[in-house]
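Visitor: I should like to learn how to read a sheet and its surroundings in a protein model. Could you guide me through one case?

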Amino acid sequence: PQKDSPEAAPMTVLDCTAGLGIDAFSVASLGFKVTMVESNPVIHALLEDGILRARAIKDDKKLQQTISNLELVERPQNSVELIAELIEQGKSFDLVFLDPMHATKLKSSLPKYRMQLARKLVGPGSAKEFEELLHAAQRLAKHRVIFKRPSISNPINGLAPHLEPFHSYKGTTSRF
């Protein structure tokens, strides 16, 4: 930016399915302001503890910058209910990120331990729950709803068959 021009505000992201915060941390490290929502009380507590521990590491400037871009919703909360409250308050986010727990087993190998733990605590959501979340996210997002899926699955995998993504990026392990 030019010296006399105001800095552009960083884009805002609402991570509706924060889990252990791995995706939110990656996005925050790129300079986005990320608000995380986690409905499960145990996972919410783990995420809150991880953020507090990261804040205590004062000598790592990059870590502190990334952590300063993260905000965890104060209490475990259902994302659909929170989005309704945010809309009622006139708030919005540039991007809304969804990475719902997947019910289908796509490979014979076990997932990483952290994913096994999350699945035991949360379990997969239903197609109806996903569709409610997707519609709520579409009402809140100014620009895009980003939906993360395993790369070997269909883009929406039968959860909302009448919806087609506008864009799709397929990486080695994930599809967005």
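Visitor: Which residue in strand 5 is the bridge partner of leucine 98?

Guide: A bridge is the unit from which strand pairing is read. In this predicted model, leucine 98 has phenylalanine 147 of strand 5 as its bridge partner. Strand 4, residues 93-98, runs parallel to strand 5, and five bridges join the two.

Visitor: In what order do the strands form the open sheet?

Guide: Pairing is followed from neighbour to neighbour. Here five strands are arranged in the order 3-2-1-4-5, with parallel pairing. Strand 3 (70-72) and strand 5 (141-147) each have a single partner strand and stand at the edges, so one side of each lacks a neighbour in the sheet. From one strand to the next, the twist averages 20°.

Visitor: Which strands does helix 2 touch?

Guide: Helix packing is read from contacts and from direction. Helix 2 (residues 41-55) packs on the sheet, where it touches strand 2 (33-36) and strand 3. The direction of helix 2 makes about 145° with that of strand 3.

Visitor: Why does isoleucine 22 count as partly exposed?

Guide: The class follows from relative accessibility: partly exposed lies between the limits of 20% and 50%. Isoleucine 22 has 39% relative accessibility and therefore counts as partly exposed. This residue is found in helix 1, residues 22-28. Together with Leu20, Val42 and Leu46, Ile22 makes a nonpolar surface patch of about 310 Å².

Visitor: What percentage of the residues in the protein is buried?

Guide: Of the 176 residues, 35% are buried.

Definitions and conventions:
Residues are numbered from 1 along each chain as its sequence is written. This is a predicted model: local features need pLDDT of at least 70, side-chain atom pairs count only at pLDDT 80 or more; totals for chains, interfaces and linings use all residues. Side-chain values use heavy atoms; hydrogens and water are left out. Buried means under 20% relative accessible area, exposed over 50%, partly exposed in between (1.4 Å probe, protein chains only). Patches are made of residues with over 30% relative accessible area and no salt bridge: like charges are joined within 9 Å, nonpolar side chains (Val, Leu, Ile, Met, Phe, Trp, Tyr) within 5 Å. Accessible areas come from the Shrake-Rupley method with a 1.4 Å probe; for residues, only the protein chains shown count as cover. A salt bridge is a side-chain nitrogen of Lys or Arg within 4 Å of a carboxyl oxygen of Asp or Glu. Helices (H or I, at least four residues) and strands (E, at least two) are DSSP runs, numbered from the N terminus. Two strands pair if DSSP finds at least two bridges between them. Axes are lines fitted to C-alpha atoms, for helices over the stretch in contact, and angles run from 0 to 180 degrees between N-to-C directions. Contact means heavy atoms within 4.5 Å.
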